[in-house]
Amino acid sequence: MRLPERRLRGFEALLRWRHPGRGLQTPDQFLPLLEELGLVDQVGRWMLRGAVREALRWPAPLTLSVNLAGRQLVPGLHEWVLQELAAAGLPPQRLELEFAEETLFLHFEAAEASLAQLKAAGVAIVIDCFGAGSSSLAYLRSFVFDKVKLDRTFLDDLERNAQGPAVIDAVAGLCARLGIATVIEGVEREEQLALLGDAASDEAQGVLFGGPLQAEAAMELIRGEEAAVG
């Protein structure tokens, strides 16, 4: 959601596996198996292809965010991503590629040229879960990222630490000076937004604004917002 007006900004594609015996499985439950079988890249490309085609149904400027795995941070990444966008007819400006913080910087050197080409084409490059690991603000100077998603631990600090808002404001302020947008992840309650107060953030994400939705339910949400706006 875009703050402070709480307008829908876009959707993040989530991968789930409906196991015949175990029910709905989340990535942490099946990614190790995909890695063992060497299928992470293949499944990741399949997911991007399907998500891009679904995003074509949404009105501009709603964006699509897709998480990519470390194994996909390789030279040539830009080629297949731009091919998928061109094949579907989705403008690059409507795609955001997210990489978990530690994964991104572990593989960054190998994929830096590809990330730069994607960025030049209009695709937004996003650091996900920033602050969950051994974060260093120096990372933000190594590449002009488009967006940083602040890990939900920042919200936890709000409720435990009186300095929490100041920390968020400091990180978001630095990002703003570098031309990087910020997102607060994991917002579950109105009280958390109230605790944020004047702490700077461009967007927020979490179950307070809606849980995971299937494609048709997402379309209903879009139609409802369009009707409310007029």
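**View 1. A salt bridge joins Glu84 and Arg53.** In this predicted model, the side chains of Glu84 and Arg53 come together in a salt bridge, with 3.8 Å from N to O. The pair connects distant parts of the chain, since Glu84 sits in helix 3 (residues 77–88) and Arg53 in helix 2, 31 residues apart. Is Glu84 buried or exposed? Its relative accessible area is 11%, so Glu84 is buried. Arg53 has a relative accessible area of 37% and is therefore partly exposed.

**View 2. Glu84 and its contacts outside the local sequence.** Stay with Glu84 in helix 3 for a look at what surrounds this residue. Which residues does Glu84 touch, not counting those up to four places away in sequence? They are Leu48, Arg49, Val52 and Arg53. For Arg49, the C-alpha to C-alpha distance to Glu84 is 6.2 Å, although the two are 35 residues apart in sequence.

**View 3. Lys147 and Glu96 form a salt bridge between two strands.** Here the side chains of Lys147 and Glu96 meet at 2.7 Å, N to O. Lys147 belongs to strand 7 (residues 147–150) and Glu96 to strand 5 (residues 95–100), so this salt bridge ties together parts that are 51 residues apart in sequence. Lys147 counts as buried because its relative accessibility is 4%. Glu96 is buried too, at 5% relative accessibility. Widen the view and a network of salt bridges appears, linking Arg9, Glu96, Lys147 and Glu203.

**View 4. Within helix 6, Arg160 pairs with Asp157.** The salt bridge between these two side chains has an N to O distance of 2.8 Å. Both residues lie in helix 6 (residues 153–160), three residues apart, which is about one turn of the helix. An α-helix has 3.6 residues a turn, so residues three or four places apart point the same way. Arg160 is exposed, with 64% relative accessibility, while Asp157 is partly exposed, with a relative accessible area of 28%. For the model as a whole, the count comes to 19 salt bridges.

**View 5. Helix 9 has its buried residues on one face.** Helix 9 runs over residues 215–229, and at 1.5 Å a residue its 15 residues should span 21 Å; the C-alpha atoms at its ends are 21 Å apart, in agreement with that figure. Which residues of helix 9 are buried? Ala218, Met219, Ile222 and Glu225 are. Looking down the helix axis, these buried residues fall within an arc of 125 degrees, so they line one face of helix 9. Their cover includes strand 1 (10–12) and helix 2 (40–55). On the face turned away from the buried side, you will find the exposed residues Ala227 and Ala228.

**View 6. Trp17, Leu33 and Leu37 make a nonpolar surface patch.** The patch made by these three residues has an area of about 280 Å². Leu33 is part of helix 1 (residues 27–37). Why does Leu33 count as partly exposed? Its relative accessibility is 39%, and partly exposed means between the limits of under 20% for buried and over 50% for exposed.

**View 7. Pro20 in a loop between two strands.** The loop that holds Pro20 runs between strand 2 (17–19) and strand 3 (23–25). Pro20 is exposed, its relative accessible area being 81%. How many residues separate Pro20 from Glu79 in sequence? The separation is 59 residues, and the C-alpha to C-alpha distance is 35 Å.

**View 8. Two cis peptide bonds that lead into prolines.** Leu3 and Pro4 are joined by a cis peptide bond, with omega about 0 degrees. Pro4 is in the segment before strand 1. From Ala60 to Pro61 the peptide bond is also cis, and here omega is near 10 degrees. Pro61 lies in the loop between helix 2 and strand 4 (63–67).

**View 9. Positive phi at Arg6 and Cys129.** Arg6 is not a glycine, yet its phi is positive, at about 60 degrees. You can find Arg6 in the segment before strand 1, and this residue counts as partly exposed at 33% relative accessibility. Cys129, likewise not a glycine, has a positive phi of about 55 degrees. Cys129 lies in strand 6 (residues 124–130) and counts as partly exposed at 26% relative accessibility.

Definitions and conventions
Residues numbered from 1 in each chain as written. Predicted model: local features only at pLDDT ≥ 70, side-chain atom pairs only at ≥ 80, totals over all residues. Heavy atoms only, no water. Patch = residues over 30% accessible without salt bridge, like charges linked within 9 Å, V, L, I, M, F, W, Y side chains within 5 Å. Areas by Shrake-Rupley, 256 points an atom, 1.4 Å probe, with all protein chains shown as cover. Salt bridge = Lys/Arg side-chain N within 4 Å of Asp/Glu carboxyl O. Helix = DSSP H or I, 4+ residues; strand = E, 2+ residues; numbered from the N terminus. Buried < 20%, exposed > 50% of the residue type's maximum accessible area, 1.4 Å probe, protein only. Expected span 1.5 Å × (residues − 1). Arc of directions from axis to C-beta. Contact = heavy atoms within 4.5 Å.
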